[in-house]
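Work through the exercises below with the sequence and the coordinates open. Try each task before reading its solution.

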Amino acid sequence: MSSIVLPERRSTAGQPLQLPAELRDVVRQWSLLYELVHRDLTVRYKRSFLGFLWTMLHPLLLMLIFVVVFAAIFRARAPHYETYFLSAYVAWNFFAQTTVNAMAGVAWNGPLLKRVRVPPSVFTLSAVLSGLVNLALSLVVLFAIMAVTGAPLRPALLFLPVSLLLLGIFTLGVSLGVGAVSIFFGDVREMVQAGLPALMYLTPIIYPISIVPERFRALIKLNPLVYVIEVVRDPIYYGIVPSSTTLLIASVTSFGALAIGWMIFRHLAPRFHAHL
Amino acid sequence: MNVIELHGVGVRYRETRIHSLKEALVRSVRRHPKPGWFYSLRDVDLNIGQGDAVGIIGPNGAGKSTLLRVAAGIIAPSEGVAISRGNLAPVMELGTGFEYELSGRENIFFNGALLGCSRRDMRSRIDEIVAFSGLESFIDAPLRTYSTGMIARLAFAIATTIAAETVLLDEILAVGDAAFHRQCQARIERFVNNGATVVIVSHELEAIESLCSRTVWISQGRVVADGRTADVVAAYRGATLQSVAPASA
């Protein structure tokens, strides 16, 4: 009998994932997280001809379309319309892309989940982190556009990391929940993909909320994304730190989404292997 | 001390899987009975001590791979408890987690991370891995240019170079040529001699006989026999011959 006590790992039937154990595993295998993000980014940029430039071109092209189409309509209410639109759009794009990538990611990495011992949440985490890297690149492009068009870059930008953290937490929560459910029901993925564009138009991204008739505004504000996006737009476009009300609602929304997403994920993850 | 303990372990699946939310809703509205269970593993009790070399044999679909996965903590049991202690390196299928657009070298780091090794760990081992795989001149080429045999060699080199207290090998002896085969056996022997715990799933009874002191025979998800390799393999051979005999007679 050896007297050395080895770290023990116990999996009991019917037991959901435990947060401390999952966190410990993610931290212990942080290099896996690094490799997954590295793989996401390098494979993505190796495959496309324009590579790295493509991420930059995407918001530029979109801006061109939206600015040409909508600027005439909204310019009176939103000067520097391109900044108004893009500051929210990059946040939205991160949320939507990451949610879709996270769903695809868990399914795509299904063979891995069945063959190596990895904390199941690592694929969702890596989707969020890769998304954040892409978001950072888009922001650089946005700042360049702002400089060119003469939109002011104000000190409130220093608040942006907090905004992005909230956005990241919100997105992680949604990705965990939706990703787990989509493993069980394949059609959920299509539903989400169909629902996302609708959700975008229900959020004041392209249009300023002031064009919405007074009686519908309360309805629009029921959408939790409004606040999470607002927190990102405020320091970039308005050059202000978000109001404490906005910040409070955005924080509750983000951490609430994470709590709910994790609850769903921890109960479904032990049964993923039967559906992959 | 036991590095692996399975207590009353069962793994079951629904006989019919429901793949869409639509289907699930329709079924619940129409009050269809839930599909029955299919057991891939049932009532398995197994203890594997530190330093043991255990072979797992049985016909196709007996639940050997499932057993290894539960023991490694990769899948959770549907019944019972599975306990593992210390560092475990599961080698389920050679080539798991390879990314074909990345080079051999990048894949070594990625695969190492999957098995729980940091980049620094891997940096100190990369020369040994490359040398053992014999792929020095191809290591910076994308993996999609490799042959199946080359991929198998790389995967085996990675998995067995990583120092682990327990190594779980699933059918990895089935690939590669004779030379690779001998190399694999030598490596596994080295593991056993160094006091590592080795669990091998294989159809190749000769390999099991030469490497493992203890063998577990499973069939239809249950343990049929568990004991000295010579006894269990002999019994297994007898049973297989018997079931074949009437047809060939």
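## Exercise 1. A lysine in a loop

With a relative accessibility of 41%, Lys221(A) counts as partly exposed. The model is a predicted one.

Task. Place Lys221(A) in chain A: which loop is Lys221(A) found in, and which residues does Lys221(A) touch, not counting residues up to four places away in sequence?

Solution.
- Step 1. Locate the loop. Lys221(A) sits between H9 and H10 of chain A.
- Step 2. List the contacts. Leaving out residues up to four places away in sequence, Lys221(A) touches Ile209(A) and Tyr227(A).
- Step 3. Take one distance. Leu202(A) is 19 residues from Lys221(A) along the chain, and their C-alpha atoms are separated by 9.5 Å.
- Step 4. Follow one contact onward. Tyr227(A) is among the buried residues of H10(A).

## Exercise 2. The helix after the loop

Task. Check the length of H10(A), residues 225-238: what should its 14 residues span at 1.5 Å a residue? Then find where the kink lies in H10(A).

Solution.
- Step 1. Compute the expected span. The rise applies to one less than the number of residues. For the 14 residues of H10(A), that gives 20 Å.
- Step 2. Compare. The end C-alpha atoms of H10(A) are 18 Å apart, which agrees.
- Step 3. Find the kink. The helix axis of H10(A) has a kink of about 35° at Val232(A). The proline Pro235(A) follows shortly after.
- Step 4. Look past the end. Gly239(A) follows H10(A), and its phi is positive, near 65°.

## Exercise 3. Burial of two helices

Task. How many of the 14 residues of H10(A) are buried, and what covers them? Repeat the span and burial checks for H4(A).

Solution.
- Step 1. Count. In H10(A), 12 of the 14 residues are buried, so the helix is largely enclosed by the rest of the structure.
- Step 2. Name some. The buried set includes Leu225(A), Arg233(A), Asp234(A) and Pro235(A). Val232(A), the kink residue, is buried as well.
- Step 3. Identify the cover. It includes H4, H6, H7, H8, H9 and H11 of chain A.
- Step 4. Turn to H4(A). Its 28 residues should span 40 Å at 1.5 Å a residue. The end C-alpha atoms are 38 Å apart, which agrees.
- Step 5. Check burial. In H4(A), 23 of the 28 residues are buried, and the helix is mostly covered.

## Exercise 4. Positive phi outside glycine

Task. Take His80(A) and Arg31(B). For each, state whether the residue is buried, partly exposed or exposed.

Solution.
- Step 1. His80(A) has phi near 50°, a positive value in a residue other than glycine. His80(A) lies in the loop between H3 and H4 of chain A.
- Step 2. The relative accessible area of His80(A) is 29%. His80(A) is therefore partly exposed.
- Step 3. Arg31(B) is not a glycine either, and its phi is positive, about 55°. Arg31(B) is found in the loop between H1 and S2 of chain B.
- Step 4. The cut-off for exposed is over 50%. Arg31(B) has 73% relative accessibility, so Arg31(B) counts as exposed.

## Exercise 5. Chain B and a cavity

Task. Summarise chain B, then describe the second largest cavity: which residues line it?

Solution.
- Step 1. Chain B has eight helices and nine strands. Its C-alpha trace spans about 60 × 50 × 45 Å along the principal axes.
- Step 2. Of the 249 residues in chain B, 51% are buried.
- Step 3. The whole structure holds two cavities of 30 Å³ or more. The second largest has about 30 Å³ of space.
- Step 4. Ile4(B), Leu46(B), Ile48(B), Ile56(B), Leu67(B), Leu68(B), Ala71(B), Leu168(B) and Val199(B) form the lining.
- Step 5. H2(B) gives the largest share, three residues. S2(B) also supplies at least two.
- Step 6. Sort by class. The lining has nine nonpolar, no polar and no charged residues.

## Exercise 6. The largest pocket

Task. Which residues lie closest to the centre of the largest pocket, and how does its lining divide by class?

Solution.
- Step 1. The volume of the largest pocket is about 1,200 Å³.
- Step 2. Of its 50 lining residues, Arg9(A), Asp25(A), Arg117(A), Val118(A) and Gly73(B) are the closest to the centre.
- Step 3. S1 and H1 of chain A each supply at least two lining residues, as do S4, S5 and H4 of chain B.
- Step 4. By class, 27 are nonpolar, 11 polar and 12 charged.

Note on methods:
Residues are numbered from 1 along each chain as its sequence is written. Chains are lettered from A and ligands numbered from 1 in the order in which they are written. This is a predicted model: local features need pLDDT of at least 70, side-chain atom pairs count only at pLDDT 80 or more; totals for chains, interfaces and linings use all residues. Side-chain values use heavy atoms; hydrogens and water are left out. On a 1 Å grid over the protein atoms alone, a cavity is a set of points where a 1.4 Å probe fits but cannot get out, and a pocket is an open set with protein on both sides within 12 Å along at least five of seven lines; lining residues have an atom within 4 Å of a point. Grid points are joined across faces, edges and corners, and a volume is the space filled by probe spheres set on the points. Helices (H or I, at least four residues) and strands (E, at least two) are DSSP runs, numbered from the N terminus. Ala, Val, Leu, Ile, Met, Phe, Trp, Tyr, Cys and Pro count as nonpolar, Asp, Glu, Lys and Arg as charged, and the others, Gly among them, as polar. The bend at a residue is the angle between axes fitted to the seven residues ending there and the seven starting there. Buried means under 20% relative accessible area, exposed over 50%, partly exposed in between (1.4 Å probe, protein chains only). Contact means heavy atoms within 4.5 Å.
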